[in-house]
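Please open the model in a viewer and keep the sequence panel visible. The tour below proceeds by selection, and each stop describes what is found there.

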Amino acid sequence: MPVAKVIVDVPTMQTNRPYDYEIPTALAESVQPGMRVWVPFGHRDVAGMVVAIDAAPTFTGELKSISSVLDPAPVLNAELLALAHWLADTTYAFWISCIQTMLPTMLKVDTDKTVTAATPAGEAMLTAPEVSLTAMTDQTELAKLLRGVASGDLVVHYRRHDRAKVKTETHAVPLLTPAEYSKAAAALRANATQQRALLQTLSDWAAAGQQPAIAESQLPRAPFTAAAKRGWVRLEEREVYRDPYPELRGAKLTTPLPLTADQQPVVATVTAAVAARRAETFLLEGVTGSGKTEVYLQIIAQAIAAGRTALMLVPEIALTPQMVHRVTGRFGRQVAVLHSGLSDGEKFDEWRRIQRGEAKIVVGARSAAFAPLTNIGVFIIDEEHETSYKQDDAPRYHARDVVLHRAATFGAPVVLGSATPSLESRARAEKGVYTLLRLPERINQQPMPPVTIIDMRDAMKKSGQEDFSQELLTALQDRVARHEQSVLLLNRRGFSSFVMCRECGYVVQCPNCDISLTLHMDTHTLRCHYCGHEEPIPHRCPSCGSTKIRYYGTGTQKVEAKLNELLPEARVLRMDVDTTRKKGGHAKLLAKFGRHEADILLGTQMIAKGLDFPDVTLVGVINADTGLGLPDFRASERTFQLLTQVSGRAGRADKPGSVIIQTFNPDHYAITYAKHHDYEGFFRREMAIRHLGHYPPYYFTIKLTVSHQSAEQAAKAIYSLAKTLKAGLTPAAIVLGPTPGAIARLKNRYYYQIVVKYTREPKLAATLTQILDSTQQSGRQGFQVAIDREPQSFV
Ligand code: ADP
Ligand code: ZN
Ligand code: ZN
């Protein structure tokens, strides 16, 4: 008797073990792996995913049967199901959460769990009569509820929940011939003008063989309904796709550019691997403006011409609209775009266009690595060094790893592109694991812009203020006078404006987190960026009562105000989280700058990426080194990448550009190598430092975090985890901690962590799997355990 192996969605029962279910005879033909089903679990039905059909059960007890099947066809094919399993194994995550990550929101395997109070004790735990577990974001509250469920004080009700909504349009299908329509019109009363007009329209459509959507015909719907009753027309609901880029329909496509002598061998080498179906990884190291994007487009074109498909990842689409436009501009509706800026409906439709083979090229951010393309011929990851490719929440995966795994499955090459490759990738190229390809020069042999380093320790004394050196001000003034544009970067990494008392040094802190509150000038409040706590700016120091409490540091709003004061003739456009919060806000600001409606674009990290404006001839960096002070082994790498990227924004067209970097650490190697556009020099120097400190890429790393509402409980738990972990390690492993987390308290939870650095630990995977399995138990007691393979930082 065949059984279905089902991974169920029950938060109180997190496990990687599939459950066996009998397939009722009525469903015998229709159940396949990759389908969502509804199955009995405990005393109720829950959602699940069929991951396999086995000939016989492994479970020896009495089997329950599948209640119903949600999908007419699998939503995950065999390759993607295997990928979900691999993802769970390699990221130490639950299988169900991997499946959720791979599906669009509308197809989530989702049981809506509602908790109801069952006893007076339970009532005290619930503020509302019913609380949805799925919607709970407060982990402390959730843990409390789960404890209540475990003790029988609370009851969970599971509700079925199917959000997949297909959008339809009503089409009119003419049922008569034009001659018959004329006959019908002749039989109408003389004053039936509306009906006569409709018959004429239907007759025209019948003659032209059209079955148009009523909405597009601009005619009211009522007469159609009446006509349908009389048998003149049939109204048919047809599915339509929600199109996130309607403006592209019918737009003229761009044509490939003749490749330069540098680009040609790159395209030839990669397309040879596509043709040979070789899963080779190429690291394309190309300076900004060297024509990497054109190379990607031509490789994709060749893969498509060979009958294959292509998957391209970009860091964050909201930040790189120009890149998306270049791909859609070349390939039109063959492209599906997947990113968080789309509505759930748009995402669902784009996903189905891919699944049905209607879209052959996918461009998307991190999670697009799971796009349901088949027959993939090439994978491309642009700006491969970007941190946004790593997911911070479970499953804690890196999109690069997912792509490499899929590439091996499909027998397809991968192109990792960057002007500043991650140390990991560059080191692999060094060892011959990846093939290094280079685009060393900008298109048209334009020189890289000259970079001037300003020592702010001197400049501050001269100019009397901390934001602008005289050199930078003069350069900005000069560009305004010449009607050229400037980009100003405010490095916000590890830095924000906070309120400090100049008398006693008190910094206003969040009451829930060990973190200082950030100043928001637009609302005149202080806000916690972690828990959302908000309070008014104090006039007196809460600690000593002094009135000399004021903001400190360089916020974008403060710099904007300063700029307006110092350069009143310059039109400044500010781009930061506040001005880009609305959907599409980022693209609108960029378009405005592109239309030359501002002289200076002032912004945080988000302006460093992918901008290509021909009139930008000056790039200024206000504070290059704020990120360098972070206790993070990647701090120098991040600073170097940021400075190199932003410098690449200057002088992209025929006008030469220049760069001014203000810093308090003019001699730091991350800054001096950036000045000379010397990636190679930086790479050697940084590798030596990583080697000495036993850091990646010389060592692998794992970070384990435990949190609990009680500091004591959290500390106890981390020591017990440390013991389990160490028992499975060789003496060669380096264990850091347990230590309190970099932010020791967040949302009133206490964090402790352990970091392990290692080169070869045969038993580590089994130990971590064992720890993951035990989290179900500890979760009931209010603990949260996170396992992070290759964390972005140790803090
Ligand atoms: P990157 O992605 O490396 O920063 P781009 O692909 O954006 O570089 O190329 C920089 C500029 O050079 C763009 O304006 C692009 O249109 C142009 N370009 C790229 N390849 C060619 C080519 N083969 N011939 C002419 N112009 C090109
Ligand atoms: Zn907070
Ligand atoms: Zn004070």
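## Domains 2 and 6

Colour domain 2 and domain 6 separately; their C-alpha centres lie 28 Å apart. Six residues from domain 2 and seven residues from domain 6 make up the contact. On the side of domain 2 that touches domain 6, three residues are nonpolar, two are polar and one is charged. The model is a predicted one.

To place these two domains in the whole, colour the protein chain by its division: domain 1 (3-108), domain 2 (110-162), domain 3 (168-239), domain 4 (246-439), domain 5 (451-496 + 553-689) and domain 6 (700-789). Note that domain 5 is given as two segments, 451-496 and 553-689.

## Strand β12

Select residues 309-313, which form strand β12. Is this strand enclosed by the rest of the structure, or is it open? Five of its five residues are buried, so β12 is largely enclosed. The cover extends to both faces: Thr309, Leu311 and Leu313 are buried on one side, and Ala310 and Met312 are buried on the other.

Next, add strand β15 (residues 376-381), which runs parallel to β12 and is joined to it by five bridges. Within this pair, Leu313 stands opposite Ile381 of β15. Then add strand β14 (residues 361-364), which also pairs with β12 in the parallel sense, over four bridges. Here Met312 is the residue opposite Val363 of β14.

## Around ligand 1

Centre the view on ligand 1 and show the 15 residues around it. Those that come nearest are Gly291, Lys292, Thr293, Glu294 and Ile443. Helix α10 (residues 292-305) supplies the largest share of this shell, three residues. By class, the shell around ligand 1 holds four nonpolar, eight polar and three charged residues.

## Four cysteines

Select Cys510, Cys513, Cys528 and Cys531, which an unreviewed UniProt entry lists under "binding site". The four span 22 residues in sequence, yet no two of their C-alpha atoms are more than 8.7 Å apart, so they gather at one spot.

Cys510 is located in the loop between β20 (498-501) and β21 (518-520), and Cys513 is found in the loop between β20 and β21 as well. Are these two positions buried or exposed? Cys510 counts as buried because it has 24 C-beta neighbours inside 10 Å. Cys513 has 20 such neighbours inside 10 Å and therefore also counts as buried, the threshold being 20 or more.

Leaving out residues up to four places away in sequence, display the contacts of Cys510: Ile515, Leu517, Cys528, Cys531 and His533. Two of the listed cysteines, Cys528 and Cys531, are thus in contact with Cys510.

## Lys757 and its surroundings

Move to Lys757 in strand β31 (residues 749-758). With 19 other C-beta atoms within 10 Å, Lys757 is partly exposed. Add His694, which is 63 residues away along the chain although the two C-alpha atoms are separated by 7.5 Å. Apart from neighbours within four places in sequence, the contacts of Lys757 are His694, Tyr699, Thr701 and Ile734.

## Backbone geometry

The last selections concern the backbone. Most residues other than glycine have a negative phi, and most peptide bonds are trans.

- Select Ala394 and Pro395: a cis peptide bond joins them, with omega about -5 degrees. Pro395 lies in the loop between β15 and α13 (399-410).
- Select Gly737 and Pro738: the peptide bond between them is cis, with omega near 5 degrees. Pro738 belongs to strand β30 (residues 734-746).
- Select Arg277: this residue is not a glycine, yet its phi is positive, at about 55 degrees. Arg277 sits in the loop between α9 (263-276) and β11 (281-286), and with 13 C-beta neighbours inside 10 Å it counts as partly exposed.
- Select His677: its phi is also positive, at about 50 degrees, although it is not a glycine. His677 sits in the loop between α20 (669-675) and α21 (679-692), and it is buried, with 22 other C-beta atoms within 10 Å.

Technical notes: Residues are numbered from 1 along each chain as its sequence is written. Chains are lettered from A and ligands numbered from 1 in the order in which they are written. This is a predicted model: local features need pLDDT of at least 70, side-chain atom pairs count only at pLDDT 80 or more; totals for chains, interfaces and linings use all residues. UniProt positions are given in the numbering used here, feature names are shortened, and annotations may be inferred rather than shown by experiment. Helices (H or I, at least four residues) and strands (E, at least two) are DSSP runs, numbered from the N terminus. A residue is buried if 20 or more other C-beta atoms lie within 10 Å of its own, exposed if 12 or fewer, and partly exposed in between; C-beta atoms are placed from the backbone. Two strands pair if DSSP finds at least two bridges between them. Domain bounds come from an automatic or database domain assignment. Ala, Val, Leu, Ile, Met, Phe, Trp, Tyr, Cys and Pro count as nonpolar, Asp, Glu, Lys and Arg as charged, and the others, Gly among them, as polar. A residue is near a molecule or strand if its C-beta atom, placed from the backbone, lies within 6 Å of it.
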